[in-house]
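Here is my note on the model you sent. The points are numbered so that you can reply to them one at a time.

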Amino acid sequence: MADILPGDFVDWNLEANNPSSVAKGHAIIAAGPPLLLSDGSYALLAYDSTATPHGPYDTRLTDDRNDTGPNGLPSGLGCGTLQFHVNEKGEPVSISWTVGTKATVAPMAIGRPLN
């Protein structure tokens, strides 16, 4: 997790641990390097498209071009901060949609585009 660079992508499969979940998974593109938090997790500023913004500073909340989604929150492409919880090897094992919220365990993959 600590080696993520801007432009890297992270994706996860929520259905793998919760087959009845409405959400199947998600993918984001790193907007910057991860920030190590005091509890050993990482905050990551990321670009994605979602109907549930990532924190109070998510651009979907301030950009009037974003339409309101079914939950009454702005939806669409934006940039916000997620929290990744890691194992002893530093590999992400769970995700918090917003820093400080409940984590969801999910298998994850991190990738880097090739030139």
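Which residue in β5 does Tyr47 stand opposite? The residue is Cys79. The points below start from this pairing, and they refer to a predicted model.

1. Pairing of β4 and β5. The two strands run antiparallel, and 9 bridges join them. Strand β4 covers residues 42-50, and Tyr47 faces Cys79 of β5.

2. The β5-β6 hairpin. On to β6 (residues 92-96), β5 is again antiparallel, here with 4 bridges. His85 has Ser94 in β6 as its bridge partner. The hairpin leaves 5 residues between the two strands, and in this turn Gly90 has a positive phi of about 85 degrees. Anyone checking the backbone geometry may want to look at that turn glycine.

3. Burial of β5. Is strand β5 largely enclosed or open? Of its 11 residues (76-86), 8 are buried, so the rest of the structure largely encloses the strand. Leu82 belongs to this strand and, at 0% relative accessibility, counts as buried.

4. Surroundings of Leu82. Leaving aside residues up to four places away in sequence, Leu82 touches a list of residues that includes Trp12, Ile28, Tyr42, Leu44 and His54. Ile95, Trp97 and Val99 are also among them. A short separation in sequence does not bring Gly72 into this group: Leu82 and Gly72 are 10 residues apart along the chain, but their C-alpha atoms are 20 Å apart in space.

5. Overall make-up. How many helices and strands does the protein chain have? The count is 0 helices and 8 strands, so from the N terminus the order reads β-β-β-β-β-β-β-β. The radius of gyration is 14 Å, close to the 13 Å that the globule rule gives for 115 residues, so the chain is as compact as a globular protein of that length. The C-alpha trace spans about 40 × 35 × 35 Å along its principal axes.

6. Burial, contacts and surface of the whole chain. Of the 115 residues, 38% count as buried. Among contacts with a separation of 6 or more, 44% are between residues 24 or more positions apart. The accessible surface comes to about 6800 Å², and carbon and sulfur atoms supply 58% of it.

7. The Asp8-Arg112 salt bridge. The model has 3 salt bridges. In one of them, Arg112 meets Asp8, with the closest N and O atoms 2.6 Å apart. Arg112 lies in the segment after β8 (108-111) and Asp8 in the segment before β1 (9-12), so this pair ties together parts that are 104 residues apart in sequence. The partners differ in exposure: Arg112 is partly exposed, with a relative accessible area of 45%, whereas Asp8 is buried at 3%.

8. The network around Arg60. Asp48 and Arg60 form a salt bridge, at 2.9 Å from N to O. Asp48 lies in strand β4 and Arg60 in the loop between β4 and β5, so the pair links parts 12 residues apart in sequence. Asp48 counts as buried at 4% relative accessibility, and Arg60 is buried with a relative accessible area of 1%. Arg60 also forms a salt bridge with Asp58, the closest N and O atoms being 2.7 Å apart. Both Asp58 and Arg60 are buried. Through shared partners, the salt bridges join Asp48, Asp58 and Arg60 into one network.

9. A nonpolar patch on the surface. Which residues form the patch? They are Phe9, Ile29 and Tyr47, with about 280 Å² of accessible area together. Ile29 is in strand β2 (residues 26-30) and counts as partly exposed, at 43% relative accessibility. Tyr47 is also the residue that stands opposite Cys79 in β5.

10. Asp39. This residue sits in the loop between β3 (35-36) and β4. Is Asp39 buried or exposed? At 54% relative accessibility, Asp39 counts as exposed, since the cut-off for that class is over 50%. Its C-alpha atom is separated by 15 Å from that of Val93, and the two residues are 54 positions apart along the chain.

Technical notes:
Residues are numbered from 1 along each chain as its sequence is written. This is a predicted model: local features need pLDDT of at least 70, side-chain atom pairs count only at pLDDT 80 or more; totals for chains, interfaces and linings use all residues. Side-chain values use heavy atoms; hydrogens and water are left out. Patches are made of residues with over 30% relative accessible area and no salt bridge: like charges are joined within 9 Å, nonpolar side chains (Val, Leu, Ile, Met, Phe, Trp, Tyr) within 5 Å. Accessible areas come from the Shrake-Rupley method with a 1.4 Å probe; for residues, only the protein chains shown count as cover. A salt bridge is a side-chain nitrogen of Lys or Arg within 4 Å of a carboxyl oxygen of Asp or Glu. Buried means under 20% relative accessible area, exposed over 50%, partly exposed in between (1.4 Å probe, protein chains only). Two strands pair if DSSP finds at least two bridges between them. The radius of gyration is taken over C-alpha atoms; the globule rule is 2.2 Å times the number of residues to the power 0.38. Contact means heavy atoms within 4.5 Å.
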